[in-house]
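Here is my note on the model you sent round, set out as numbered points for reading beside the structure. Please keep the 3D view open while going through it.

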Amino acid sequence: MRIYIMRHGEAQNFAPSDAERPLTVCGEAHSKQMAFQLASQLSDGIDLVWVSPYLRAQQTWSVMAKHLPQPKRLMTVDEITPYGDAEDVAAYLKAMIAVERPESVLLVSHLPLVGYLTSELAPGLQPPMFRTSAIAAVEYFPDSEQAEFLWQANPEG
């Protein structure tokens, strides 16, 4: 099964709080571009989408959702904010996968969690850097709990 880990699109620098920072016009454009790129990778749509409750992540998903197949299940997950614990998130994700057996999962989250989560799922991998709107793909094998880092894509421009 495939896990896609995405960092939200570019956000404005200033807002009443970090959680309220909205996307910039560039962030919207790059998120749309990455939706098209991700759509080309999806043969059977997306089973599950997890999105951080922060505004920029919710807006990233909102832009992408217009260009992707509707997921079977969409969840706002409080644990995937910038301050989320990669080990806990990986354990929660693996437990959910073991029960629900989705074919594909997309997480829309933040630095530093996205890098640490990628390396937590694929042990031995240094946490990759994520530009805004970047997506990494990990092939995960639930029966053996093994994983393989496949690729990382960045928006152009």
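The points below go from the sheet to its helices and end with one residue.

1. A word of caution comes first, since this is a predicted model and every value quoted here is computed from it.

2. The sheet is open and is built from six strands, which follow one another in the order β3-β2-β4-β1-β5-β6 with mixed pairing. The edge positions are taken by β3 (73-76) and β6 (146-153), and because each of these has a single partner strand, one side of each is left without a neighbour in the sheet. On average, and with direction ignored, neighbouring strands are turned by 15° against each other.

3. Several of the pairings can be followed strand by strand. Strand β2, which spans residues 48-51, runs parallel to β3 and is joined to it by four bridges, with Trp50 standing opposite Met75 in β3. Towards β4, strand β2 again pairs in the parallel sense, over four bridges, and here Val51 is found opposite Val108 of β4. The pairing of β1 with β4 is parallel as well and extends over six bridges, with Arg7 facing Ser109 in β4. As general background, strands of a sheet pair through backbone hydrogen bonds, in either a parallel or an antiparallel manner.

4. Strand β4 deserves a separate look, because six of its six residues are buried, so that the strand is largely enclosed by the rest of the structure. The cover extends to both faces of β4: on one side Ser104, Leu106 and Val108 are buried, and on the other side Val105, Leu107 and Ser109 are buried too.

5. Helix α1 (residues 25-39) packs on the sheet, where it touches β1 (2-7), β4 (104-109), β5 (135-141) and β6, and its direction makes about 170° with that of β1. The helix has 15 residues and reaches 21 Å from its first C-alpha to its last, which is close to the 21 Å expected at 1.5 Å a residue. Its buried residues are Gly27, His30, Ser31, Met34, Ala35 and Leu38; they cover an arc of only 150° around the axis, which puts them on the same side of α1. These buried residues pack against β1, α2, β4, β5 and β6. In general, an α-helix has 3.6 residues a turn, so residues three or four places apart point the same way.

6. Helix α2 (residues 55-65) also packs on the sheet, in contact with β1, β2, β3, β4 and β5, and its direction makes about 145° with that of β2. Which residues of α2 are buried? They are Arg56, Ala57, Thr60, Trp61, Val63 and Met64, and since they cover an arc of only 160° around the axis, they lie on the same side of α2. What covers them includes α1 together with β1, β2, β3, β4 and β5.

7. The last point concerns Ser109, which lies in strand β4. Is Ser109 buried or exposed? With 2% relative accessibility it counts as buried, because the cut-off for that class is under 20%. A polar atom of the Ser109 side chain lies 2.5 Å from the backbone oxygen of Ile80. Leaving aside residues up to four places away in sequence, Ser109 touches Met6, Arg7, His8, Ser52, Ile80, Thr81 and Val114.

Conventions: Residues are numbered from 1 along each chain as its sequence is written. This is a predicted model: local features need pLDDT of at least 70, side-chain atom pairs count only at pLDDT 80 or more; totals for chains, interfaces and linings use all residues. Side-chain values use heavy atoms; hydrogens and water are left out. Two strands pair if DSSP finds at least two bridges between them. Helices (H or I, at least four residues) and strands (E, at least two) are DSSP runs, numbered from the N terminus. Axes are lines fitted to C-alpha atoms, for helices over the stretch in contact, and angles run from 0 to 180 degrees between N-to-C directions. Contact means heavy atoms within 4.5 Å. Buried means under 20% relative accessible area, exposed over 50%, partly exposed in between (1.4 Å probe, protein chains only). The expected span of a helix is 1.5 Å times one less than its number of residues. The arc is that of the directions from the helix axis to the C-beta atoms. A polar contact is a pair of N or O atoms within 3.5 Å; within protein, one must be able to donate a hydrogen and the other to accept it, and residues adjacent in sequence count only if both atoms are side-chain atoms.
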